[in-house]
Amino acid sequence: MKPTVWHDLKLCTAGDPDDTISDAAIAVEDGRIVWLGTFADLPRDHADWHRESLGGAWVTPGLVDCHTHLVYGGQRADEFAQRLAGVSYEAIAQQGGGIVSTVRATRVADEDTLFRAAIERLEPLLAEGVTAIEIKSGYGLDLVNERKMLRVARLLGERYPVTVYTTFLGAHALPPEFAGRADDYIEEVCTRMLPALADEGLVDAVDVFCERIGFSLSQSEKVFNTAARLGLPVKMHAEQLSNSGGTALAARYGAISADHLEFLDEAGVRAMKAAGTVAVLLPGAYYFIRETQLPPVDLLRKHQVPIAISTDSNPGTSPVTSLLLVMNMGSTLFRLTVPEVLQGVTVHAAQALGRADRHGVLDVGREADFAVWSCASLAELVYWLGRPLCRMVVRGGKVAYTRG
C-alpha cells in the first residue's frame, strides 16, 4: 500500500460539526494516520506521497453501530402484519410466534444459512459508512446455537471490511425447554454456556435483558458475576419497559453501556455518570413498537452522560438496516441535536463498545477508517431520508466501498 495523502476534503475528526477543518488533508501510511490538518500545513516529508483528491467532500470517522442483533434465522414480517390487523402480541406468542419463532428458526439454520442472511442486513450498513459493529447472540439460547451465532458474527468480520465485536446475550429470553425454570436457565448460562464460549474466544462482552419479561435483578447479577470472573465487560438492556433498577445494577458492575432506557430515572442517570456508563438509545425500537415513553434525554444531558444511538437491528422490534435512518429518528423522536446524533454514532458509540481507543475519532496513530460523504453540510446526514449519501469508505487506508 502506497503512503497516501487524501486531500481536498472537509474534515470532522470526532463527530462534532462545530469542530472541523476546512481544506484538510490526511496522510496515511501502513493503514494508519500519520498526520492530519490543513493542506497548506502538509509536512514536506509527505509532499511527494501519492495523492487522492476527494473533491471537497466531507470526511468523518467511520460510523459505529454499537447495538445490533444482526445474526438470526427467519424473519417476522407476517407477525408484524398480524399485529397491524389487531392480533395481540400475546395471541401471536400463543401461536408459537414472537421471539420463540426466531429461536426456532435460528436453531434449525446452519452457519452458512445464517451467514448469508446476515450479509443482506450487513451490506446496507457498510454502504452507509459503518466500519465497526457490535453483534449480539441471544436467539440460540443453548450452547450449540449460541456458539453458532457467535461464530457467524466472527466470520462476518473476517470476510467483510468491518470490525465486528461480539456480545453474548444468552440471558435474552427463556428458552422453551426451560419454561417456568428461569433460575435453572441462568445457572446453565453461568456454569456452562458463558465459560465455554469465552474459552473459545467468541465473546467480547456480556449483555443481559433485565426486565419484567426478561430476567430479574438477582438473575442478571449472577451473569455479571460470571462475566467478572472471566474478565469480560458487561452491558445491559435496561429500563425499556419499566423502571426495574437494572441500570443502577449495571453501573455497580462498571457496565460499558446501558441500552434502551425509556423508563430510566435520575438516580439511574447519576449511577451511570459515576460509573462512566454510556447511554445507548435505540429509536428504531421505540418507533417500531409505538412506544410513548421517551428516554430522559434532558437528564442525560444534565449529568453529562455520553449518548450513543444504534439501529438495534433485530427481527422483532427493530428490523432496521439503515443507521442514517436511525440518526434521523434520534433527532425527530428524541429531539437530539445534530452534534449529539453525529457523536452518537462515532465517538460515543465507540465508548459504548469499550473501544474509544480504536474507533470514533480520526487522529494521528489511529487506523485510517473514515467515511466520505456527498453533502454540503454534515446536517444532511441527519436530515435526508433514504438518500444515499456515503460516497466512499476507507478502512485501514484502503478503499473498502465506493458508491456505483
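Biologist: Leaving aside neighbours within four places in sequence, which residues is E211 in contact with?
Modeller: This is a predicted model, by the way. E211 sits in the loop between β8 and α7 (217–229). Skip the neighbours within four places in sequence, and what's left in contact with E211 is E239, Q240, L241 and S242.

Biologist: Is E211 buried or exposed?
Modeller: Being in a loop between β8 and α7 doesn't settle it for E211. The relative accessibility of E211 is 4%, and the cut-off is under 20%, so E211 counts as buried.

Biologist: What distance separates the C-alpha atoms of E211 and T402?
Modeller: Along the chain, E211 and T402 are 191 residues apart. In space, their C-alpha atoms are separated by 42 Å.

Biologist: And G201, how far is its C-alpha from that of R151?
Modeller: G201 belongs to the loop between α6 (182–199) and β8 (205–210). With 41% relative accessibility, G201 counts as partly exposed. R151 is 50 residues away from G201 in sequence, while C-alpha to C-alpha the gap is 9.8 Å.

Biologist: Which residues have the most contacts inside the largest nonpolar core?
Modeller: That core has 86 residues. It draws at least three residues from each of domain 1 and domain 2. Apart from it lies another core, of 17 residues, with W6, L9, A57 and V394 among them. Back in the largest one, the residues with the most contacts are V71, I133, L156, F168, V206, M327 and W373.

Biologist: Take V206, then: which residues does it touch, not counting those up to four places away in sequence?
Modeller: V206 is one of the residues with the most contacts inside the largest nonpolar core. Not counting residues up to four places away in sequence, V206 touches T167, F168, L194, V223, A227, L232, P233, V234 and K235.

Biologist: How many residues does the contact between the domains take from each?
Modeller: The chain is divided into domain 1 (4–61 + 361–402) and domain 2 (63–353). Over C-alpha atoms, their centres are 31 Å apart. As for the contact, domain 2 gives 21 residues and domain 1 gives 22 residues.

Biologist: Over in β1 (residues 4–12), is H7 buried or exposed?
Modeller: H7 lies in that strand, and its contacts beyond four places in sequence are A24, A25, F39, R51, E52, S53 and L54. At 17% relative accessibility, with the cut-off at under 20%, H7 counts as buried.

Biologist: A25 is on that list, so to speak; what is its relative accessible area?
Modeller: A25 is found in strand β2 (residues 20–29). Beyond four places in sequence, A25 touches residues including V5, W6, H7 and L9, along with W35, L36, G37 and F39. A25 is buried, and its relative accessible area is 0%.

Biologist: Which phi value does D23 take?
Modeller: D23 lies in strand β2, and it is partly exposed at 43% relative accessible area. For a residue other than glycine, the sign is positive, with phi near 45°.

Biologist: Same question for D30: what is its phi?
Modeller: D30 is in the loop between β2 and β3 (32–38), where it is exposed with a relative accessible area of 65%. D30 isn't a glycine either, and its positive phi is about 55°.

Biologist: Within what arc do the buried residues of α9 fall, seen down its axis?
Modeller: In helix α9 (residues 266–275), the buried ones are G268, V269 and M272. They line one face of the helix, since down the axis of α9 they fall within an arc of 100°.

Biologist: Which elements do those buried residues of α9 pack against?
Modeller: On the other side of α9, A267 and A274 are exposed. Just after the helix, G276 takes a positive phi of about 75°. The buried residues of α9 pack against α8 (246–252), β10 (257–260), β11 (278–281) and α11 (297–302).

Biologist: Last one: are α3 and α5 roughly parallel or roughly perpendicular to each other?
Modeller: Helix α3 (residues 99–108) and helix α5 (residues 143–159) pack with axes 10 Å apart, at an angle of about 75°. T106, R107 and V108 of α3 make the contact with N145, K148 and M149 of α5. Angles of 65 to 115 degrees count as roughly perpendicular, and therefore α3 and α5 are roughly perpendicular.

Methods. Residues numbered from 1 in each chain as written. Predicted model: local features only at pLDDT ≥ 70, side-chain atom pairs only at ≥ 80, totals over all residues. Heavy atoms only, no water. Core = buried A, V, L, I, M, F, W, Y, C linked by side-chain atoms within 4.5 Å. Buried < 20%, exposed > 50% of the residue type's maximum accessible area, 1.4 Å probe, protein only. Domains from an automatic or database assignment. Contact = heavy atoms within 4.5 Å. Helix = DSSP H or I, 4+ residues; strand = E, 2+ residues; numbered from the N terminus. Arc of directions from axis to C-beta. Axes fitted to C-alpha atoms, helices over the stretch in contact; angles between N-to-C directions. Parallel < 35°, antiparallel > 145°, perpendicular 65-115°, else oblique.
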